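Here is a short set of exercises with worked solutions. Have a look at the structure, try each task, and then walk through the steps.

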Amino acid sequence: MRFIHTSDWHLGKSLEGHSRIEEQIKFCEDFINIVNENNIDMVIIAGDIYDTSNPPALAEKLFYKTVSKLANNGERCVLVISGNHDNPERLSAVTPLAHEQGIIILGNPLSKTDIGKYNGFEIIEAKEGCVKLKIDDEKVSVITLPYPSEKRLNEVILQNDEDKERQVTYSQKIGEIFNKLEDNFDKDSINLAVSHIFVAGGEGTDSERPIELGGSLLVEKKHLPSKAQYIALGHLHKPQKASQRLNAYYSGSPLQYSKDERAYTKGAYIVDIHPETKPQIEEIYFSNYKPIEVFKCDGIEEALEICEENKDRDIWSYFEIKTEEVISQSNIKKMKDTLKDIIEIKPIITSQNEYEHVDIKEKSMAEMFKEFYTFSRGLEPKGELMDLFLHIINEEGDIVDETN
């Protein structure tokens with residue numbers, strides 16, 4: 001049996017207010033082609049389908065369209081679990097329609113699907129936290145643990161007085177659930193586990209929403225399901241192996257969702273597996289549809305040259321510019337007119353002078369506020385902020401006039 005492991009699509013996500021939906025549409029189209037070209041029997045999406053619990057309609061439409069094409073009317077099994085960004089009830093609301101196509105959507109810990117027979121596979125058994133399949137004459141047992149927040153975890157675990165006395169940790173609770181679910185594994189079956197958790201020692205990025213508070217929601221490696229031949233994980237956006245001892249992997253996100261994710265290529269894992277054998281794991285890479293670039297410049301002239309050199313590239317860009325004085329609005333405008341989708345222009349002030357003499361008679365309050373805001377934030381103040389500032393200034397002016 002051959003499956004592909006992906007996660008953390010974050011459909012609907014933006015980059016500091018800039019939509020990424022066009023890149024996500026391209027990714028979904030390419031992902032469908034990758035799945036078809038590689039004869040994938042099963043697609044596993046390990047959580048964080050959306051970026052928010054209330055995703056935009058366009059993001060939901062993209063997800064439904066994509067998984068429907070992946071399933072191809074029951075020719076291929078598609079298994080989806082919720083992540084910490086997803087609303088589990090909303091994600092699984094389409095279950096009745098999805099189930100007809102062979103799409104399994106599991107929102108909460110220990111949720112279950114229904115048995116069913118499809119063109120390319122069969123769901124032969126459906127239990128809480130476990131689904132058993134028959135794919136290409138091979139049995140497949142998959143234990144699942146969608147994102148287990150403490151609240152969701154406590155709803156499915158009934159603690160007795162002994163548990164309360166020994167103060168069972170979050171990681172221990174996860175370990176106990178996995179331990180019980182592993183009883184569903186069979187010797188003559190392919191045995192897999194799917195979850196959306198933060199395994200201790202994992203390397204995170206700036207674009208992830210933390211699910212651990214002071215380490216309280218970290219899962220120790222010793223509490224992972226040791227009998228699983230492969231553990232498909234979601235949450236961390238950098239592809240990585242979560243355990244040296246076990247075949248536990250984070251596939252990572254399909255796109256660069258923050259500037260610190262520029263250092264590595266995005267992709268997914270294609271796994272060939274049989275019962276009681278070591279899986280063959282291949283990493284497949286995705287296109288970088290719109291790279292994130294960070295330009296460090298010695299002065300505004302170099303920044304303007306970089307804008308000119310890259311004006312025909314489709315990129316997101318951050319600029320750090322060494323300068324002895326505030327970058328003028330005309331130069332900022334010139335940069336943005338030359339190179340589209342500049343996210344940030346950050347001045348690195350190198351001057352030793354702490355004060356600059358300004359003749360306030362030569363500049364309006366609006367001009368001085370713009371310069372101060374640009375100096376301190378590296379961005380020009382937006383229209384609403386300027387309107388509010390001018391409104392306050394006008395009110396203050398009226399008070400001064402009255403007192404005089």
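**Exercise 1. Find which residue of E4 is the bridge partner of Ile-4, then follow E1 to its neighbours.**

Step 1. In E4, Ile-4 has Val-43 as its bridge partner. Strands here are DSSP runs of E with at least two residues, helices are runs of H or I with at least four residues, and both are numbered from the N terminus.

Step 2. Widen the view to the strands: E1 and E4 are joined in the parallel sense by four bridges. Two strands count as paired if DSSP finds at least two bridges between them.

Step 3. Now turn to E17 (residues 267-272), which runs antiparallel to E1 and is joined to E1 by four bridges. There, His-5 has Tyr-269 in E17 as its bridge partner.

Step 4. Check the burial: E1 is largely enclosed by the rest of the structure, because four of its five residues are buried. Buried means under 20% relative accessible area, exposed means over 50%, and partly exposed lies in between (1.4 Å probe, protein chains only).

A word on the ground rules: this is a predicted model, in which local features need pLDDT of at least 70 and side-chain atom pairs count only at pLDDT 80 or more, while totals for chains, interfaces and linings use all residues. Residues are numbered from 1 along each chain as its sequence is written, and side-chain values use heavy atoms, with hydrogens and water left out.

**Exercise 2. Work out the strand order of the open sheet of six strands, and say what packs on it.**

Step 1. The order is E6-E5-E4-E1-E17-E18, and the pairing is mixed.

Step 2. Look at the edges: strand E6 (103-106) and strand E18 (280-285) each have a single partner strand, so one side of each is left without a neighbour in the sheet. On average, neighbouring strands of this sheet are turned by 20 degrees against each other, direction ignored. For such angles, axes are lines fitted to C-alpha atoms (for helices over the stretch in contact), and values run from 0 to 180 degrees between N-to-C directions.

Step 3. Take the E6 side: E5 (residues 77-81) pairs with E6 in the parallel sense over four bridges, and Leu-79 stands opposite Ile-104 in E6.

Step 4. Add the helices. Helix H2 (residues 57-71) packs on the sheet and touches E4, E5 and E6, its direction making about 145 degrees with that of E5. Helix H1 (residues 21-37) lies across strand E1 (2-6), strand E4 (42-46) and E18, and runs at about 160 degrees to E1.

**Exercise 3. Place Val-94 and list its contacts beyond four places in sequence.**

Step 1. Val-94 sits in the loop between helix H3 (88-91) and helix H4 (95-100).

Step 2. Its relative accessible area is 21%, so Val-94 counts as partly exposed.

Step 3. Leaving aside neighbours within four places in sequence, Val-94 is in contact (heavy atoms within 4.5 Å) with Tyr-64 and Ile-105. Val-94 and Ile-105 are eleven residues apart in sequence, and their C-alpha atoms are 8.3 Å apart.

**Exercise 4. Describe the open sheet of eight strands and the setting of H7.**

Step 1. The eight strands come in the order E7-E8-E9-E10-E11-E14-E16-E15, with mixed pairing. Strand E7 (116-117) and strand E15 (240-241) are the edge strands, each pairing on one side only.

Step 2. E14 (residues 230-234) and E16 (residues 248-250) pair in the parallel sense over three bridges; the partner of Ile-231 in E16 is Ala-248.

Step 3. H7 lies across E10 and E11 and runs at about 160 degrees to E10. Its buried residues, including Ile-174, Ile-177 and Phe-178, pack against strand E10 (138-145), helix H5 (150-156), strand E11 (189-196) and strand E13 (218-219).

**Exercise 5. How many disulfides does the structure hold?**

Step 1. The count is zero, where a disulfide is a pair of cysteine sulfur atoms within 2.5 Å.

Step 2. Take Cys-307 as a test case: the nearest cysteine sulfur, that of Cys-297, is 7.6 Å away.

Step 3. Cys-307 is buried, with a relative accessible area of 0%, and Cys-130 is buried at 4%.
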